[in-house]
Every structure is written in structure tokens, then in C-alpha cells.
Amino acid sequence: MKFNYSASQQEALTAIKAFIESDKNIFILTGQAGSGKTALIPEINTMAKQVKTLSATNQGLSNLIFNYGLNAHTVYHEFYGMPERSIDRTQNQIQSISVNFLLQKCHNKNTIFIIDNAELLSNLDSGNTELQYGSGKVLDDILRVVSGRHNKLIFIGDECGLKPVTDNQSQALQINYFKSKGLQVETYILQDHHRVTPNISYYINNLQNNIKNGVGAVYEITDNRHDIFNLDRTNHSELEKMKEIAKKVAISPIGSSMIVANSMKKAQEYNRLIRNFQRKQRSLEKNDLLILTKNIYFEHGNKLLPTGSFIWIESIDGDLITHSVKVHHKNIELQFLPVTYWVIVSGKAVKQLKGNVLTNILTTNQSALENNDLVLYIDYLDRHQEEIDEYKRLNQKIETNTEHQKHDRRTKEYLETLKNNLQQKLNQSFIKCSKKELKKLLVKYPECDPKKQCKRIDPYKKLWEQINEDPFYNCVVAKYGYATTVYKTIGNEWENIYVDFENQNGVKPSAIRWAYIALSRSTKRLIVLNKRGIFTDGFKVDKKFASEAKIRQLQQLSKFESVSFGSIHGNKVLLEQLFIHLKMIFQKTGIKYVGIDTAKVANNFVRYYCQLKSGEIFELQMYFSHKGWSKANIYIRAEYQEEDLKQIDQFKQQLEMLNPCNN
């Protein structure tokens with residue numbers, strides 16, 4: 001695969017080549033969404049003999065494998081070994097499974113590790129007791145494994161992208177983090193923007209500047225009827241707008257359009273509307289588009305199709321298959337449908353596979369069954385019960401129950417055998433040692449563990465080694481994929497992106513980052529709704545009579561002053577965007593702008609001075625919050641002439657129309 005690299009990309013590749021030949025340890029490549037960061041990875045793979053390409057996310061992994069043809073893995077697959085599984089069995093029932101993926105030793109020398117989507121690498125222990133990777137601090141673990149042995153790390157990411165789910169920092173892109181570890185760091189920032197149109201790029205650049213400068217500015221998206229469409233400019237209800245979007249997506253080619261919603265629940269509402277327009281009545285039909293919520297292994301369990309991948313159902317290959325499972329004293333009926341499907345990456349069908357779709361969750365708001373892995377695991381064991389029983393009969397011949405007690409950690413005989421093994425190893429007595437002390441010694445001297453002398457076959461371990469080849473445990477767990485949440489879109493792009501801003505308006509950093517990622521998924525057209533812009537839903541305008549002191553102040557204003565927002569920092573964008581609206585209203589109503597007083601901007605309001613056709617001056621006070629402009633007061637004299645009052649009322653009417661609820 002050949003790429004035509006831009007000047008900025010060529011400079012980045014030159015810098016990376018120099019880094020590989022240097023004594024430095026870390027290279028950080030950043031750039032905004034669509035700048036062509038990932039496209040450099042195939043070329044970097046040719047710069048050294050030993051290169052490993054990794055992704056911090058499953059969604060990004062699909063992109064690397066299917067779009068760029070790379071032999072890639074997730075960081076979790078590369079740096080963490082076979083998991084230790086702790087199965088809690090109570091009263092012959094499996095209650096829970098705890099999984100701890102142990103950090104592996106690194107045997108690589110002179111190897112370049114490339115990590116894409118590095119902004120999503122967490123370095124904070126989530127405290128999840130059911131699923132743990134090493135120490136819980138993934139970035140620290142990676143450095144611990146890779147450091148030394150002449151290995152190097154290249155982190156590729158977007159500083160303005162989403163943060164790790166369990167962490168509010170992206171330390172993998174922070175120079176100071178690595179310097180605090182005594183590591184030498186090189187950096188390069190890509191300046192290009194290849195993916196989106198210039199008009200969409202304008203908004204992405206503004207959002208990026210807000211994030212980098214720590215400025216939370218409320219913004220609006222203007223409908224240009226070309227490549228940007230704002231459905232809030234119509235008089236339709238929210239449901240009508242949703243139906244309008246759903247109808248367009250329902251008839252668009254597979255993989256060309258995507259709806260980005262704020263929640264899985266909202267995404268499901270869109271998915272249901274789309275399938276209704278497609279006249280689909282069953283839970284799964286031919287031509288359905290799904291998004292995986294569980295990894296799938298194929299080619300005898302050796303290759304991975306990761307969570308977040310999109311698949312298109314080519315055909316339904318059989319009748320519904322039903323399995324009954326009992327979990328936590330509840331009977332659960334699992335329903336599977338055999339299908340042929342294609343993997344879809346950036347609108348292209350790239351790989352054909354066969355499998356069984358678990359249909360239970362397709363029409364729900366949940367991304368998986370409750371205790372999903374546990375339910376599928378118990379179903380797997382139930383279907384292999386005869387094999388388990390056969391192993392148990394064989395174990396009785398291999399090692400009697402009396403002999404086995406010495407190797408079973410739950411027995412007294414095991415403890416006695418452990419003490420004897422330690423005594424032989426260290427030539428001292430451990431008769432009075434507590435269980436806690438013995439446990440510590442066992443960590444230090446694992447070769448003394450009596451369990452290692454056990455000759456019996458662990459049937460559950462044997463079955464676990466084959467589990468990824470099982471067609472039902474390794475089933476397709478997915479949701480409808482016409483609409484999804486923003487995290488699921490990372491690493492993908494679509495011609496048409498529909499963004500529902502419900503609950504993602506305002507200036508919170510998380511909302512700005514959310515919008516930045518959502519908007520940057522588009523390559524041709526951007527359609528938005530529920531984007532409230534710079535005015536709150538409750539925006540209202542009041543007309544008030546000015547006091548004598550205010551009248552005297554207004555009468556002193558006679559000359560036209562130039563508009564300047566240069567001294568207004570955090571609210572500069574908000575004021576600039578308001579003035580765009582005011583200028584249009586001034587033009588419509590024949591009112592002249594006289595001046596602005598921003599002395600009270602820190603108190604969340606600003607004064608505009610305006611002149612009527614008669615020469616009379618009135619004051620407009622505008623109030624704002626973190627959500628946008630919320631209220632306006634118009635101060636006038638009681639002695640205005642009738643023509644002045646008509647002009648004021650016309651101005652007030654135009655100002656009230658800025659309320660999105662009135663549009």
C-alpha cells in the first residue's frame with residue numbers, strides 16, 4: 001500500500017527516522033483528528049528490523065489490521081500474558097469469575113514499539129476487582145516491561161481527543177511524565193488536516209483551540225446548506241428531526257453514514273427508527289449493520305476481530321438455536337442465529353466470516369447480557385459436561401484422592417507438604433509459620449508449591465484453552481450499528497456524520513472533546529441537531545425604563561466606537577459570536593451600534609449601547625452563563641416617541657427569535 005505523504009508528514013517521518021537512530025527512548029507524535037498520524041505507521045514499520053504495531057483501543061486495532069494491512073495487536077495482548085482466573089463456586093454454583101492479566105516479561109531487544117491512539121492509555125488503577133491488567137496502571141506497566149534492552153517507544157495520539165474512561169489524563173502524550181522517569185523524549189506535531197472539508201475543519205480547529213487553551217467557549221454551528229446542515233433551524237419537533245435523520249440513514253449505502261449519540265439509549269432509539277423505515281420486523285435480518293460489544297476470535301482462535309468493529313449481515317444461514325442456562329438460580333434462555341457477515345471498516349467490506357449472533361440484547365439498551373462472560377462460560381461448561389466427567393474419572397486413576405490432598409491448596413495436607421518443601425529448600429523449620437507467612441514465602445519460592453507436583457489434569461483449564469474456538473462462547477455479541485456513541489467511532493470515518501448534541505452542549509471540557517471527536521469523523525457532510533448554540537433554551541428579553549442616572553449616562557454617548565474583543569479572554573468567542581447575531585438584527589431594524597462596556601464581563605454580563613433612527617440611545621444588557629446567553633434587558637426612556645417605541649419593539653422581537661425554542 002503506497003501513500004502520498006504531505007510535507008508535514010514527510011518531516012514527521014524524517015524526525016522519527018532520526019529518533020530511531022538516536023539514543024533517545026520516547027517519541028511522541030501528535031496531531032488533530034484527520035491529520036494523517038496513523039497513515040505514517042506502515043512507513044515507520046520499514047525503518048527498523050524489529051517493529052511492533054499496537055493500538056490502545058479495539059476500534060483503532062480494526063483500522064490498523066483491515067485498512068492498513070498491518071500485523072497489529074492491542075497493548076493488552078502484547079504486554080499481558082495468559083490470565084489468572086479465579087472462579088467463585090458456592091453451593092455447586094459458579095457465582096463470579098475474576099480475571100487478572102499478568103504483566104509479561106519482555107524478551108524483545110532493539111525493538112520499536114508503536115502505540116496508536118495513545119491518548120486513551122490509562123495510568124490510573126480503576127479498582128475493578130473482576131478485570132485487572134497487571135498493576136492497573138497500564139502506562140507504568142509498559143515502561144517497566146520495555147525499558148532497557150535498547151527498545152524504543154513511539155506514542156501516536158491526539159492531545160485533544162477523548163480521555164481514558166477511568167482516567168482524566170493522557171499521560172502517554174505528556175513530555176513531563178517521561179522526563180520524570182529519566183527518559184529522553186522527542187516530539188513532532190502534524191499540522192495537516194486531510195479528512196474533513198474546509199468548512200467542517202473550521203469548527204474542529206476552534207474546538208481544538210478551546211481545548212488547548214483551556215477556554216470553554218459556547219459555540220454554534222451555522223447551516224450553510226452545502227456540507228454543514230443544522231436541523232435546529234427547522235420548525236420540526238425533536239421526534240420529526242430524528243425521523244428525518246433515520247430515513248436518510250435507512251436508505252444510504254452501508255457504511256456511508258453514522259449517527260453519533262450521547263448515550264447507548266439514544267443510539268438505540270435511532271436504530272429502532274432506522275429499522276422501522278427499512279421495514280425490518282425480526283430482531284435480526286439480512287443487511288443489518290451491527291457493532292461488536294465483545295471480541296470475536298477466528299481462524300482457530302488465532303486472530304482477533306475486536307470490540308467496536310462494524311459488521312454487515314450478508315445472510316441468515318439457519319433457524320434460531322436456543323440454549324438454557326442457570327446462573328445465580330435464574331434460568332436464562334440464550335438465543336443464537338447462524339449468519340454470514342462482512343467486517344466493515346470506513347465504509348469498505350474487508351473480511352467475510354461466519355458465526356452465531358446472540359440476539360438477546362439486540363433490541364435492549366444494554367451492550368451485553370448481565371454477567372455476559374459468566375453466562376456464556378457456564379453454557380460452555382454445560383455443553384462439555386461429559387468431557388469434564390471423563391477427565392475426573394481419568395484423574396482418579398492418575399492420582400488417588402489421598403495423594404491429591406497434598407496438592408490441594410484447601411487442605412491441611414497441602415500446608416504440611418509446603419512446609420516440608422520449604423524446609424528442604426532453606427534448611428530451617430516452618431512448623432510455627434502462619435498461613436499468611438507461608439503465602440509470602442510461596443511468592444518468593446514458587447518452586448516449593450506442592451500444586452506443581454500434581455499429576456491430575458485440570459478439566460477447566462483444558463477446556464479454557466479451547467474456548468475461543470467454541471462457536472457459541474465465541475459468538476457475535478453486538479448492537480445495531482447505524483447509530484452509536486462517540487467512543488465507538490474512534491479509528492473510523494464516514495462520508496455523512498449525524499451528530500445529536502443532546503446533553504453535550506455547554507463548555508465542560510468533556511463536552512468540547514466529545515464534539516471535537518464527533519465532528520471530525522466526517523469526510524463530506526456534517527448534520528447536527530440539538531446544538532443549542534450560544535443561547536440557552538430559557539433565553540428571554542425584557543424591556544425596562546431607565547433610571548435618571550442611566551439616562552444621563554446614555555446621553556453622553558454620541559460617537560460610534562469600533563468593536564474590539566481583544567482584551568476579553570475566556571469569553572471572547574462567546575462575545576464575538578453574539579455580535580454576529582446583533583449586527584444582523586441592527587441591519588434589519590435600522591439601529592446603529594454605538595459602543596460596548598465589558599467592565600462587568602467577569603460578573604457574567606455585558607452592556608451594548610445602541611442608537612435609534614431618531615438619534616436616541618438605549619442600553620442592551622446581555623447576561624450569560626456556562627451554557628450561553630440566558631437573558632437580555634433593554635433600557636429605554638419613558639418619553640420615547642411612538643416611532644422609537646416601534647423600532648425598539650421590532651428590535652426586541654428579533655432578539656427573542658434567537659431563543660432556539662422559538663425557532
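Colleague: Leaving aside its neighbours within four places in sequence, which residues is N492 in contact with?
Modeller: Keep in mind that this is a predicted model. Once the neighbours within four places in sequence are set aside, there's a short list of partners for N492. They are F310, V345, S346 and R521.

Colleague: Does N492 count as buried or exposed?
Modeller: Start with the number: N492 has 7% relative accessibility. The cut-off for buried is under 20%. With 7%, N492 therefore counts as buried.

Colleague: And where is N492 found, between which two strands?
Modeller: Look at the stretch that follows residues 483-485 and leads up to residues 494-500. N492 sits there, in a loop. The two strands are β20 and β21.

Colleague: Let's go to the open sheet of 6 strands. In what order do they come, and which ones are the edge strands?
Modeller: The order is β3-β2-β6-β8-β1-β9, with parallel pairing. An edge strand here pairs on one side only. That picks out residues 72-74 and residues 185-190, in other words β3 and β9.

Colleague: By how much are neighbouring strands of this sheet turned against each other on average?
Modeller: Take each strand with its neighbour in the sheet and ignore direction. The average turn then comes to 20°.

Colleague: Zooming in on β2 and β6, what is the bridge partner of L54 in β6?
Modeller: Strand β2 covers residues 51-55 and strand β6 covers residues 112-116. They pair in the parallel sense over 5 bridges. For L54, the partner in β6 is I115.

Colleague: Which strands does helix α1 touch, and what angle does its direction make with that of β9?
Modeller: Helix α1, residues 7-20, packs on the sheet. The strands it touches are β1, β6, β8 and β9. Its direction against that of β9 gives about 170°.

Colleague: What about helix α3: which strands does it lie across, and at what angle does it run to β3?
Modeller: Find residues 58-67 and you've got helix α3. This helix lies across β2, β3 and β6. Its angle to β3 is about 175°.

Colleague: Over which residues does pLDDT stay under 50?
Modeller: For the whole protein, the mean pLDDT is 85, and 89% of residues reach 70 or more. One stretch stays under 50, though the model has 19 contacts for it beyond four places in sequence. Where pLDDT is low, the predicted coordinates shouldn't be read in detail. So go easy on the details of residues 558-570.

How values were computed
Residues are numbered from 1 along each chain as its sequence is written. This is a predicted model: local features need pLDDT of at least 70, side-chain atom pairs count only at pLDDT 80 or more; totals for chains, interfaces and linings use all residues. Side-chain values use heavy atoms; hydrogens and water are left out. Helices (H or I, at least four residues) and strands (E, at least two) are DSSP runs, numbered from the N terminus. Buried means under 20% relative accessible area, exposed over 50%, partly exposed in between (1.4 Å probe, protein chains only). Contact means heavy atoms within 4.5 Å. pLDDT is the predictor's confidence in each residue, from 0 to 100. Two strands pair if DSSP finds at least two bridges between them. Axes are lines fitted to C-alpha atoms, for helices over the stretch in contact, and angles run from 0 to 180 degrees between N-to-C directions.
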